[in-house]
Amino acid sequence: MDEKNFIELEECPCCRGGGMLIHEGGWSVQVECMICGAHTVYLEYDNEEQKAEAERGVARLWNIGKVIKQDPGE
Ligand SMILES: [Zn+2]
């Protein structure tokens, strides 16, 4: 495992659940909570370098609590 690419994710700022890096369509990534569905914005990438950058970007947003809460509409 390449330590340089290791992404550390804090607990979910909403429910303390586990966050996960989710890649969409091979061109964007976000962090989403597996429990409550809170998520960061998507960051897009075009190549491997940008991909690593995007992963770090969304991880950082997640870790500082900049997430969008899923509103179930209740
Ligand atoms: Zn959560």
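This report describes a zinc site, a three-stranded sheet with a helix across it, and some side-chain contacts in a predicted model.

The model is predicted, so local features need pLDDT of at least 70 and side-chain atom pairs count only at pLDDT 80 or more, while totals for chains, interfaces and linings use all residues. Residues are numbered from 1 along each chain as its sequence is written, and side-chain values use heavy atoms, with hydrogens and water left out.

**Zinc site**

The zinc ion has Cys12 (SG), Cys15 (SG), Cys33 (SG) and Cys36 (SG) as its protein donors, lying 2.3 Å from it. Donors are N, O and S atoms within 2.8 Å of the metal (3.2 Å for Na, K and Ca); water is not among the atoms, so sites may look incomplete. The angles subtended by the four donor atoms are 101 to 114°, which makes the arrangement tetrahedral. Four donors count as tetrahedral if all angles lie between 85 and 135 degrees. Ideal angles at a metal are 109.5 degrees for four tetrahedral donors.

Along the sequence, the donor residues follow the spacing C-x2-C-x17-C-x2-C. Cys15 belongs to the segment before strand E1 (19-24) and Cys33 to strand E2 (residues 28-33), so this pair ties together parts that are 18 residues apart in sequence. Strands (E, at least two residues) and helices (H or I, at least four) are DSSP runs, numbered from the N terminus. Cys15 is partly exposed, at 32% relative accessibility, whereas Cys33 is buried, at 2%. Buried means under 20% relative accessible area, exposed over 50%, and partly exposed in between (1.4 Å probe, protein chains only).

**Sheet and helix**

Three strands form an open sheet in the order E1-E2-E3, with antiparallel pairing. E1 and strand E3 (43-44) are the edge strands, each pairing on one side only. Two strands pair if DSSP finds at least two bridges between them. Strands of a sheet pair through backbone hydrogen bonds, either parallel or antiparallel.

E1 and E2 run antiparallel and are joined by six bridges. Gly19 stands opposite Cys33 in E2, and Cys33 is also one of the zinc donors. The hairpin of E1 and E2 has three residues between the strands, and in it Gly25 takes a positive phi near 65°. E2 and E3 pair in the antiparallel sense over two bridges, and Val29 stands opposite Leu43 in E3.

Helix H1 (residues 48-63) lies across E1, E2 and E3 and runs at about 30° to E2. Axes are lines fitted to C-alpha atoms, for helices over the stretch in contact, and angles run from 0 to 180 degrees between N-to-C directions.

**Contacts of three residues**

Contact means heavy atoms within 4.5 Å. The contacts below leave aside neighbours within four places in sequence.

Ser28 is found in strand E2 and is buried, at 1% relative accessibility. Ser28 is in contact with Ile22, His23, Tyr42, Leu43, Glu44 and Tyr45.

His39, in the loop between E2 and E3, also counts as buried, at 18% relative accessibility. The contacts of His39 are Gln30, Val31, Glu32, Val67, Ile68 and Gln70.

Ile68 lies in the segment after H1 and is partly exposed, with a relative accessible area of 40%. Ile68 is in contact with Gly37, Ala38, His39, Thr40 and Val41. Between Ile68 and Glu32 there are 9.4 Å in space, C-alpha to C-alpha, and the two are 36 residues apart in sequence.

**Salt bridges**

The whole structure contains two salt bridges. A salt bridge is a side-chain nitrogen of Lys or Arg within 4 Å of a carboxyl oxygen of Asp or Glu. Side chains of opposite charge can pair when their charged atoms come close.

| Salt bridge | N to O distance | Relative accessible area |
|---|---|---|
| Arg16 and Glu11 | 3.5 Å | Arg16 58%, Glu11 46% |
| Arg56 and Glu53 | 3.0 Å | Arg56 38%, Glu53 49% |

Arg16 counts as exposed, while Glu11 is partly exposed. Arg56 is partly exposed, and Glu53 is partly exposed too. Both Arg56 and Glu53 lie in helix H1, three residues apart, about one turn of the helix.

Definitions and conventions: Four donors count as tetrahedral if all angles lie between 85 and 135 degrees; four count as square planar and six as octahedral if opposite donors are over 155 degrees apart and all others between 65 and 115; anything else is irregular.
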